[in-house]
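Here's a quick briefing for anyone meeting this structure for the first time. Have a look at it before reading on.

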Amino acid sequence: MKLRRSMLFVPGSNTSMVCNAFVYRPDTVMFDLEDSVAVSEKDSARLMVYHALQHFTYEDVETAVRVNPLNSIYGLLDLEAVIRAGVDIVRLPKTDCVEDVLDMQEVIEKIEYKIGTSKKTKLLAAIESARGVVNAVDIARCSDRLMGIALGAEDFVRDLHTQRTKSGSELMAARAQILLAARAAKIHAFDSVFSDVKDKEGFEREARYIRDLGFDGKSLINPNQISVLHKIFAPSKKNVEWSLDVIEAAENAKEKGLGVVSIDGKMVDAPIIARAKWTLELAKASGMLGGDE
Amino acid sequence: MNKIDKSAYAGTLESSDAFIEIKPIDQDEIRIELHSSVEEMYGDDIRDLITKCVQELGISYISIKVQDKGALDYVIKARLQAAILRANQKDKIEWEKL
């Protein structure tokens with residue numbers, strides 16, 4: 001199972017970041033062609049990302065690109081570039097309704113057909129408005145290309161006529177709705193960026209909070225946030241040991257043809273086994289079982 | 001060979017980037033002026049890259065000034081292509097050539 005704890009935003013106009021983002025080993029590198037790129041640099045950033053996506057340094061990294069909306073003069077050009085370059089995921093900005101996803105999907109399908117690729121580009125819908133949050137359930141289940149939905153908090157709070165606070169109370173309803181919609185559709189749920197890069201404590205607090213809510217991960221704007229986030233998402237040693245025991249017990253029971261497993265007198269059923277497997281995946285990715293980090 | 005319509009530029013002078021200025025000239029040649037901290041070691045490679053990139057777009061009669069700040073090959077290519085597209089103000093991009 002692909003872990004997607006960290007999605008590092010990389011402005012397509014920031015050459016140094018584009019060239020070096022892979023070094024920081026986020027789970028996904030998210031090149032941005034939308035809000036972080038000035039209008040005068042849209043063309044140049046698009047070409048930069050087009051070439052970066054094809055460079056060998058990004059061969060083993062999952063890549064995503066936040067494109068401009070289709071109703072802008074840049075959207076179609078962005079899609080043409082990134083699909084041709086073989087991006088893994090297209091992030092739709094400002095997804096308000098099902099039609100936004102289906103329109104984008106139709107254009108992507110046409111480009112894939114035109115260039116003759118067998119690759120099926122995935123979609124990630126960023127929900128950044130009250131309307132989008134209200135429609136999140138329908139959005140989450142509208143396309144088999146949709147791998148996740150993400151909260152875009154900055155635009156959302158503006159739409160809600162409020163502002164970001166340290167407590168995050170203004171995002172409570174949106175986070176709950178997006179998470180439930182994603183889980184019901186069995187796709188990923190991603191939290192918004194934490195913009196104050198100097199507030200390390202605040203970032204850690206928010207990361208723990210969204211982890212406990214059930215989010216898969218978080219969009220990030222600074223590479224320094226990656227290792228902090230990965231540590232927070234890593235399971236505890238006790239939990240890993242318990243998960244190893246669960247898997248061992250489950251395998252033993254299977255060998256013996258037993259339907260029910262118990263550890264220390266407590267019954268272990270399928271959901272618990274599935275959770276144990278997930279914990280071990282996280283532990284492996286976090287370097288606790290000879291994994292990647 | 002195609003000429004570019006007007007002068008244009010792309011890129012920045014920031015580290016890892018390149019600033020590329022192009023302008024049309026009357027002679028049928030690809031004239032390159034390169035300023036790079038790695039010119040001694042990679043100057044010929046960078047010139048070859050620029051020449052190939054311009055030829056692939058079917059362009060000649062062009063003067064190219066490159067201020068390289070340690071850019072990777074694909075960065076130089078992206079900046080050069082952006083400058084050429086800006087110079088020709090084309091609506092349709094021939095992605096196969098990029």
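What follows is a short tour of the strands and how they are arranged.

This is a predicted model, where local features need pLDDT of at least 70, side-chain atom pairs count only at pLDDT 80 or more, and totals for chains, interfaces and linings use all residues. Residues are numbered from 1 along each chain as its sequence is written, while chains are lettered from A and ligands numbered from 1 in the order in which they are written.

**The barrel in chain A**

- Chain A has eight strands (DSSP runs of E, at least two residues, numbered from the N terminus) that close into a barrel, in the order E1-E2-E3-E4-E5-E6-E7-E8, with parallel pairing.
- Two strands pair if DSSP finds at least two bridges between them.
- From one strand to the next, the barrel's twist averages 25° (angles run from 0 to 180 degrees between N-to-C directions, with axes as lines fitted to C-alpha atoms, for helices over the stretch in contact).
- Take E6(A), residues 146–151, and E7(A), residues 188–191: they run parallel and are joined by three bridges.
- Ile149(A) has Ala189(A) in E7(A) as its bridge partner.

**The sheet in chain B**

- Chain B has an open sheet of four strands, ordered E1-E2-E4-E3, and its pairing is mixed.
- At the edges sit E1(B) (8–11) and E3(B) (30–36), each pairing on one side only.
- The twist here averages 10° from one strand to the next.
- E2(B), residues 18–24, and E4(B), residues 62–68, pair antiparallel over seven bridges.
- Opposite Glu21(B) you'll find Lys65(B) in E4(B).

**The helix on that sheet**

- Helix H1(B), residues 39–56 (helices are DSSP runs of H or I, at least four residues), packs on the sheet and touches E3(B) and E4(B).
- Contact here is defined as C-beta atoms, placed from the backbone, lying within 7 Å.
- The direction of H1(B) makes about 145° with that of E3(B).

Conventions. Two residues are in contact if their C-beta atoms, placed from the backbone, lie within 7 Å.
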